[in-house]
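Colleague: I would like to learn how to read a few computed features. Please give the general idea, then the case at hand.

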Amino acid sequence: MTLILTRQDVEQVLKMRDCIETIAEVMQRFSAGDTVMPVRLVTRVPERGVHAAMPAVLPSLGVFGIKSVTVFPTNPSRGAPSIMGLVILNETDTGRPLAVMDAAYLTGIRTAAASAVATRLLANPGAASLALIGAGVQAATHLWAMCAVRPVKAVAVYDIDAQVAESFILAQLQRFPKLAFRQAVSPEDAIRGADLVCTISSSKTPVVDHSWLKPGAHINGVGSHTPDARELDGPTVQAARVAVDSRQAALKEAGDFILPIQEGLFAAEHVSDEIGELLAGLKPGRASADQITLYKSVGIAVQDVAAARLVYERAAAQGVGVEVAL
Ligand SMILES: NC(=O)c1ccc[n+]([C@@H]2O[C@H](COP(=O)([O-])OP(=O)(O)OC[C@H]3O[C@@H](n4cnc5c(N)ncnc54)[C@H](O)[C@@H]3O)[C@@H](O)[C@H]2O)c1
């Protein structure tokens, strides 16, 4: 039998704090070479966006799987989310499909959980002010994730669409009535003075300028994951202590690295450290309270398969979802 899980089912069982621990574990296993994961296959869908096929095997957890995901950035203007998809989760023993589940909410949570893992490792402990650049799906999950790992008190939100930022703040105030939200008038207005900066926009050009950053700020650069797009200006990346989810994927997919390397700003060796290596204590974290630290994520399939396994386990235990004989 295979368990079919809708978005609502996934929302019911996937909790941020659980997912942070699951993602920390799998990122460490990934960097230790205990997982099997090719760089994802990305296919352009003309005039709409991209489709990615993201397979991974987690032998130690007894599962493998694949996420099929679309990123169509103009969807919100047509009333649909930018990111939609499915995960098929299989057991390694027989290959049997254990579950098929919606991947939209899962992607939102696992991406922010990875940023939380990086923030826990790299941000100054007292980081209390947060800038969110982009106020879509990832902004919400990043807000929850940052509040889970740092004592966030003030949140500045900027979106190129002011109405989106306003609605975002209204919705999140219900969830976090004690947080001081502020709608910023520009990325600079949001970022100046912020201890934590999350870039989770669909911008293809920089939304961060090095001169705006507070000494000691930690950045989670999440939005861009194609070679021609970057959310961070070259000097920010050059100045930062950089850690990535996957070195191989980052150097193949992230314009935030590919473009400044082409421009001669720094060499590929600047992108040498993975979060999993920091977790294992093999690479150092923050060197001083004033250092700028950067986690640049492109998103990797081991995170999806690990999160899907967590969802499957919780759903099976709680009787959530529908079992079908395929
Ligand atoms: N690294 C990863 O693992 C990962 C995972 C999921 C999504 N993403 C990426 O993160 C980004 C956000 O995803 P989402 O699901 O929240 O998308 P979304 O469409 O819900 O939100 C994106 C928001 O960015 C805003 N925006 C666009 N240009 C901007 C600019 N110049 N300044 C400020 N805001 C701007 C849009 O108005 C929109 O509200 C996308 O680019 C997506 O592809 C990355």
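The dialogue below takes up a cavity, a backbone angle and the ligand.

Modeller: This is a predicted model, in which local features need pLDDT of at least 70, side-chain atom pairs count only at pLDDT 80 or more, and totals for chains, interfaces and linings use all residues. Residues are numbered from 1 along each chain as its sequence is written, and side-chain values use heavy atoms, without hydrogens and water.

Colleague: What is a cavity, and which residues line the largest cavity?

Modeller: On a 1 Å grid over the protein atoms alone, a cavity is a set of points where a 1.4 Å probe fits but cannot get out; lining residues have an atom within 4 Å of a point. Here the lining consists of M37, P38, V39, R40, M54, A249, E253, G299, I300 and A301.

Colleague: Where does the largest cavity lie with respect to domain 1 and domain 2?

Modeller: Domain bounds come from an automatic or database domain assignment. Domain 1 (2–106 + 302–324) and domain 2 (124–299) both contribute to the lining, so the largest cavity lies between them.

Colleague: How should I read the phi of E47?

Modeller: Most residues other than glycine have a negative phi. For E47, phi is positive, near 70°. Is E47 buried or exposed? Exposed means over 50% relative accessible area (1.4 Å probe, protein chains only); E47 counts as exposed because its relative accessibility is 79%.

Colleague: Which polar contacts does the ligand have with G223 and S297?

Modeller: A polar contact is a pair of N or O atoms within 3.5 Å. A backbone N or O atom of G223 is 2.8 Å from a ligand oxygen atom, and a polar side-chain atom of S297 is 2.8 Å from a ligand nitrogen atom.

Note on methods: On a 1 Å grid over the protein atoms alone, a cavity is a set of points where a 1.4 Å probe fits but cannot get out, and a pocket is an open set with protein on both sides within 12 Å along at least five of seven lines; lining residues have an atom within 4 Å of a point. Buried means under 20% relative accessible area, exposed over 50%, partly exposed in between (1.4 Å probe, protein chains only). A polar contact is a pair of N or O atoms within 3.5 Å; within protein, one must be able to donate a hydrogen and the other to accept it, and residues adjacent in sequence count only if both atoms are side-chain atoms.
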